[in-house]
Amino acid sequence: MEFLSPLIGQNRRNRVFPMQNPILWLVLLTSLLLTGCVNYDMGINFDNSNSGEVVQHIKLGERLTSFSGDYVYEWLNSIERRTRKLEGKVQRVSQKEVIVTIPFSSGRELQEKFNEFFNSGVNEPSGSVQSESDSELPKIESNVLLEQNNFLLLVRNRLIYDLDLRSLSLIASKGNVLANAGSILDLEFSLKTPWGVKNIQQTETAMTPEKNGNQLVWKLQPGKLNHIEAVFWLPSPLGIGTLFIILFVWGGLYLRYNFMPDPRIQFPAKAATVQDQ
């Protein structure tokens, strides 16, 4: 029995962890090694209905860059090119970390710049390194829609964001499956406004965001179709400016006819005095 006990224990381990399947062990090992390799934080920050910016913070892990550095660095370079094309700013923190900021001055400009940034990779000119890296990276469809209703002093905004990450269900390199994308990619989308945001949950399985002050943060799910809807109110600079002009004119008229002589009485009196002379 002492001789057979090690064999019995080994058989039990083989039933739980089948050693005859090396592919399974490769996937598990790669998942552990590549955990949290890409941190991608994307956010839309509103100051008012006519001012805001799209901010993206991308940080790559050491293991990912050593695994396929050429493709990853070219991907970061393409992000910089697209940002500058849209009159944005690029802050290269390090070779593996970049922060990009794209300003917008209206809801329509936000839609155009946002959708052009995330969908322009397909239309970029092909190059030796770029075309090869684009062929390795899965295609992602992204679309944002902003509906705005003006109520003079306030603007009601409804933001709808659809991000198709079903192509990222598995991360592959040269046709070989490496790991589940959920264990490699850490993706977040945030929406920040001066007066806060209200999430619209259409279905029970919809993503529930985390609230951080006037900001909502959604954890994006690789391998799925991510749908986000939110409603928020913003001050209208045009409406507020119009109100100030109306109050200024009304105040001037009020002071003129309540604290100063009536011009209809003052001017005829002066005219009569000149005629008498």
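Select helix 4 to begin, and colour it by burial: G107, L110, Q111, K113, F114, N115, F117 and F118 are buried in this helix. The model you have open is a predicted one, and the tour uses helix 4 as its point of return. Measured out in the viewer from first C-alpha to last, the 13 residues of helix 4 reach 18 Å, close to the 18 Å expected at 1.5 Å a residue.

**One residue of the helix**

Keep helix 4 displayed and pick out K113, which is found in that helix. Is K113 buried or exposed? Its relative accessibility is 12%, and because buried means under 20%, K113 counts as buried. Show the surroundings of K113 next: leaving aside residues up to four places away in sequence, K113 touches L86, E87, I102 and P103. A distance drawn from the C-alpha atom of K113 to that of V144, 31 residues apart along the chain, comes to 10.0 Å.

**The four-stranded sheet**

Now select strands 5, 6, 13 and 10, which form an open sheet in the order 5-6-13-10 with antiparallel pairing. Its edge strands are strand 5 (141–151) and strand 10 (198–199), each of which pairs on one side only. Bring helix 4 (residues 107–119) back into view, and it will be seen to pack on this sheet, touching strand 5 and strand 6 (154–164), with a direction that makes about 180 degrees with that of strand 5.

Move along the sheet from strand 5, which is joined to the antiparallel strand 6 by 11 bridges; E141 has D164 of strand 6 as its bridge partner. Strand 5 and strand 6 form a hairpin with two residues between them, and L152 in the turn has a positive phi of about 65 degrees. From strand 6, 11 bridges lead on to strand 13, again in the antiparallel sense, and here D164 stands opposite L225 of strand 13. Strand 13 (residues 225–235) in turn pairs with strand 10 in the antiparallel sense over two bridges, where N199 has A230 of strand 13 as its bridge partner.

**The seven-stranded sheet**

Select next the strands of another open sheet, seven in number, whose order is 3-4-2-1-9-12-11 and whose pairing is mixed. Strand 3 (89–94) and strand 11 (210–212) stand at the edges with a single partner strand each, so one side of each is left without a neighbour in the sheet. With direction ignored, neighbouring strands of this sheet are turned by 15 degrees against each other on average.

Within this sheet, zoom to strand 2 and strand 4 (residues 97–104), which run antiparallel and are joined by eight bridges; one pair to label is I58 with V98, its bridge partner in strand 4. Helix 4 packs on this sheet, touching strand 1 (38–48), strand 2 and strand 4, and its direction makes about 165 degrees with that of strand 1.

**The cavity**

For the last stop, turn to the interior, where the structure holds one cavity of 30 Å³ or more. About 40 Å³ of space lies in the largest cavity. Which residues line the largest cavity? Select V54, Q56, I102, K113, F114, F117 and F118 to display the lining. Strand 2 (51–60) and helix 4 each supply at least two residues of this lining, and helix 4 gives the most, with four residues. The tour thus ends back at K113, a lining residue of the largest cavity that also touches I102.

Technical notes
Residues are numbered from 1 along each chain as its sequence is written. This is a predicted model: local features need pLDDT of at least 70, side-chain atom pairs count only at pLDDT 80 or more; totals for chains, interfaces and linings use all residues. Side-chain values use heavy atoms; hydrogens and water are left out. Two strands pair if DSSP finds at least two bridges between them. Contact means heavy atoms within 4.5 Å. Axes are lines fitted to C-alpha atoms, for helices over the stretch in contact, and angles run from 0 to 180 degrees between N-to-C directions. The expected span of a helix is 1.5 Å times one less than its number of residues. Buried means under 20% relative accessible area, exposed over 50%, partly exposed in between (1.4 Å probe, protein chains only). On a 1 Å grid over the protein atoms alone, a cavity is a set of points where a 1.4 Å probe fits but cannot get out, and a pocket is an open set with protein on both sides within 12 Å along at least five of seven lines; lining residues have an atom within 4 Å of a point. Grid points are joined across faces, edges and corners, and a volume is the space filled by probe spheres set on the points.
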